[in-house]
Amino acid sequence: MTAHIDLSKAGILAESSAVRVALLPPVARFSLRAATPEQKALSKALGAPLPAKIGQCGRKGDLEILCLGPDEWTIIAPEDQAATITDTCAAIYAQTPHSLTEISDREVTVRITGTKASDLITIGCPRDLDQLPTGEARRTVFDGVTTVLWRDGDQDYRLDLWRSFAPHVIALLETGCAELAGE
């Protein structure tokens, strides 16, 4: 049984000389589905490109758009932009049919940084991290939990996971952080 973790408070969850695990502040998060003909109009309306290749990210300022499938994206932006994104997509819906669902409360994001960040990720993720380019992300698993793994730098990752699985994954990351500190 894992200890209670307050997922409403961003901050450091575990830290050693090798790695830091931190819960990031909440963000506006959306699931977007659209067919190929609608993608250009949605990119224009959102002001950022909808990437066509799975794993690639489109960015403009604080807005990130990750391609998860041929017709599926995750949009991430500061919380105060949620209404703007919803209104922007609603305004073009009649001419550009799509599905936009806010999923902000469903997920949390954990940042993993430090000289052994990649080592910590591999305790629960079977993906070859050397094959994940900086600036991209992939849907994957961490100890059987579906996650999205972002690579922001050589030893800088974000792990998006469903809130209900967060205590389990965070407990594993905390244990791994302590173990890596002992090496």
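Start by selecting Thr140: it is buried, with a relative accessible area of 10%. The cut-off for calling a residue buried is under 20%, so Thr140 qualifies. Keep in mind as you click around that this is a predicted model.

Now colour the strand around Thr140. You are in β9, which covers residues 137–142. Next, show the side chains that Thr140 touches, skipping its neighbours within four places in sequence. You should pick up Cys125 and Arg127 on one side of the numbering, then Val145, Thr146, Thr147 and Leu149 on the other.

Time to zoom out. Show the whole chain as a cartoon and you'll find four helices and eleven strands. Turn the protein along its principal axes, and the C-alpha atoms fill a box of roughly 60 × 35 × 30 Å. The radius of gyration is 17 Å, which agrees with the value near 16 Å for a compact globule of 183 residues. Of those 183 residues, buried ones make up 46%. Look at the contacts with a separation of 6 or more, and 57% of them come from residues 24 or more positions apart.

Switch on the surface. About 9,200 Å² is accessible, and carbon and sulfur atoms own 52% of that. Then colour by charge: there are 18 positive and 25 negative side chains. The centres of these two sets lie 5 Å apart.

Go back to the cartoon and select β6, residues 72–77. How many of its six residues are buried? Six of the six are, so the strand is mostly covered by the under-20% cut-off. Turn on the side chains here. Glu72, Thr74 and Ile76 point one way, while Trp73, Ile75 and Ala77 point the other, and all are buried. That is the pattern to look for, because side chains in a regular strand alternate between the two faces of the sheet.

Which strands pair with β6? Add β3, residues 28–33: six bridges join β3 to β6, and the two run antiparallel. For a landmark along this pairing, find Arg29, which stands opposite Ile76 in β6.

Then add β5, residues 63–69, which also pairs with β6 in the antiparallel sense, over five bridges. Here the landmark is Ile65, standing opposite Ile75 in β6. To finish, trace the chain from β5 into β6: a hairpin joins them through two residues.

Technical notes: Residues are numbered from 1 along each chain as its sequence is written. This is a predicted model: local features need pLDDT of at least 70, side-chain atom pairs count only at pLDDT 80 or more; totals for chains, interfaces and linings use all residues. Side-chain values use heavy atoms; hydrogens and water are left out. The radius of gyration is taken over C-alpha atoms; the globule rule is 2.2 Å times the number of residues to the power 0.38. Buried means under 20% relative accessible area, exposed over 50%, partly exposed in between (1.4 Å probe, protein chains only). Contact means heavy atoms within 4.5 Å. Accessible areas come from the Shrake-Rupley method with a 1.4 Å probe; for residues, only the protein chains shown count as cover. Lys and Arg count as positive and Asp and Glu as negative; His and the chain ends are not counted. The place of a charge is taken as NZ of Lys, CZ of Arg, CG of Asp or CD of Glu. Two strands pair if DSSP finds at least two bridges between them.
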